[in-house]
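User: Could you walk me through how some of the labels for this structure were reached? I'd like to see the reasoning behind each one.

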Amino acid sequence: MPLPAILANLPLPIIGSPLFIISNPKLVIEQCKAGVIGAMPALNARPASQLDEWLAEITETLAGYNRDYPDKPAAPFAINQIVHKSNDRLEHDMELCAKYKVPVIITSLGARTDVNDAVHAWGGVVLHDIINNKFARKAIEKGADGLIAVAAGAGGHAGTTSPFALVQEIREWFDGPLALSGSIANGGAVLAAQAMGADFAYIGSAFIATEEARAVESYKQMIVESASHDIVYSNLFTGVHGNYLKGSILNAGLDPENLAVSDPSRMSFGGDAKKAWKDIWGSGQGIGAIKQIVPARELVARLQREYDAARARLAL
């Protein structure tokens with residue numbers, strides 16, 4: 001199946017994952033200008049009225065950029081919507097996405113037909129993130145256009161399934177848009193994701209260590225100084241299992257080797273979650289490839305060089 005026009009012809013097959021608290025218009029705009037899909041959670045705009053301002057800033061800035069550089073237009077942007085019942089802003093935020101005709105909506109923690117229908121009504125595309133093949137089928141049955149396979153090693157809320165197994169199972173029945181998330185932080189891994197059957201690499205942690213990211217400098221520096229053995233998998237902080245930096249857990253006075261288990265029924269993405277994620281820092285296992293804090297454009301340029309080099313090696 002050919003990719004929807006919105007997702008086709010990207011200079012580099014990358015979607016910057018929406019980073020809770022961290023992603024902001026500045027980062028999204030620079031990602032899109034560099035040729036990758038930039039994304040942010042709607043819930044990062046606080047108060048809720050700020051989302052209107054942010055969407056206006058992104059759409060107007062990218063429209064101006066495209067007028068100035070018609071031969072090299074920016075990639076589209078995406079907004080992440082948490083569909084879980086704890087998100088009492090969903091209706092408000094979806095109305096604003098409709099107002100600005102957001103090109104791509106990324107849905108998380110629940111698949112809803114009404115949300116998908118609303119996005120399709122303004123001509124947008126829905127990508128739903130999943131951690132296993134069962135949830136993938138449900139998402140497509142409810143009208144999502146594509147999937148984001150959040151495999152083992154991904155930052156934040158991640159699954160435990162190998163990316164090889166997850167992509168393989170999905171591709172047995174689904175030939176639509178598919179992004180892969182999980183420890184992807186260099187251009188060779190982007191090409192590997194495509195070789196496995198994904199259309200896009202879904203990259204988050206590498207963008208935390210960029211100048212535009214709304215993360216404190218100590219968080220960015222910890223990303224640079226850490227590697228896969230510094231990642232802890234736990235559901236304590238939001239009720240959903242995710243990967244976090246061991247150093248931030250230690251700094252919070254907790255023992256990363258003896259964390260309590262949370263009750264999933266108390267899952268929350270409101271103020272309590274924001275407080276937790278401010279102190280406990282999410283990250284994927286691929287951060288060993290991140291050596292310095294750089295502008296987002298420079299990171300994308302590195303990924304492009306590595307991607308091209310990997311393709312050249314395979315052509316030999």
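Analyst: Happy to! Let's start with the cysteines: a disulfide needs a pair of cysteine sulfur atoms within 2.5 Å. Please keep in mind that this is a predicted model.

User: How do you know that the sulfur of Cys32 is too far for a bond?

Analyst: The closest cysteine sulfur, in Cys97, is 14 Å away from that of Cys32, and the cut-off is 2.5 Å, so this pair is no disulfide. A search of the whole structure finds zero disulfides.

User: Why does Cys97 count as buried?

Analyst: Its relative accessibility is 0% and buried means under 20%, so Cys97 qualifies. Cys32 is buried too, with a relative accessible area of 0%.

User: Now the rings, please. How many aromatic pairs are there?

Analyst: The count comes to four. One of them is Tyr65 with Tyr69, a tilted pair with 4.8 Å centre to centre and 35 degrees between the planes.

User: What makes Tyr69 partly exposed?

Analyst: Tyr69 has 46% relative accessibility, which falls between the 20% and 50% limits. Tyr65, at 12%, is buried.

User: And why is the pair of Tyr219 and Trp281 called stacked?

Analyst: Their planes are at 10 degrees, with ring centres 4.7 Å apart. Stacked requires planes under 30 degrees apart and centres within 6.5 Å, so the label fits.

User: What does this pair tie together?

Analyst: Tyr219 lies in helix 9 and Trp281 in the loop between helix 11 and helix 12, so the pair ties together parts that are 62 residues apart in sequence. Tyr219 is buried at 6% relative accessibility, and Trp281 is buried at 9%.

How values were computed: Residues numbered from 1 in each chain as written. Predicted model: local features only at pLDDT ≥ 70, side-chain atom pairs only at ≥ 80, totals over all residues. Heavy atoms only, no water. Phe/Tyr/Trp six-rings, centres within 6.5 Å; stacked < 30°, edge-to-face > 60°. Buried < 20%, exposed > 50% of the residue type's maximum accessible area, 1.4 Å probe, protein only. Helix = DSSP H or I, 4+ residues; strand = E, 2+ residues; numbered from the N terminus.
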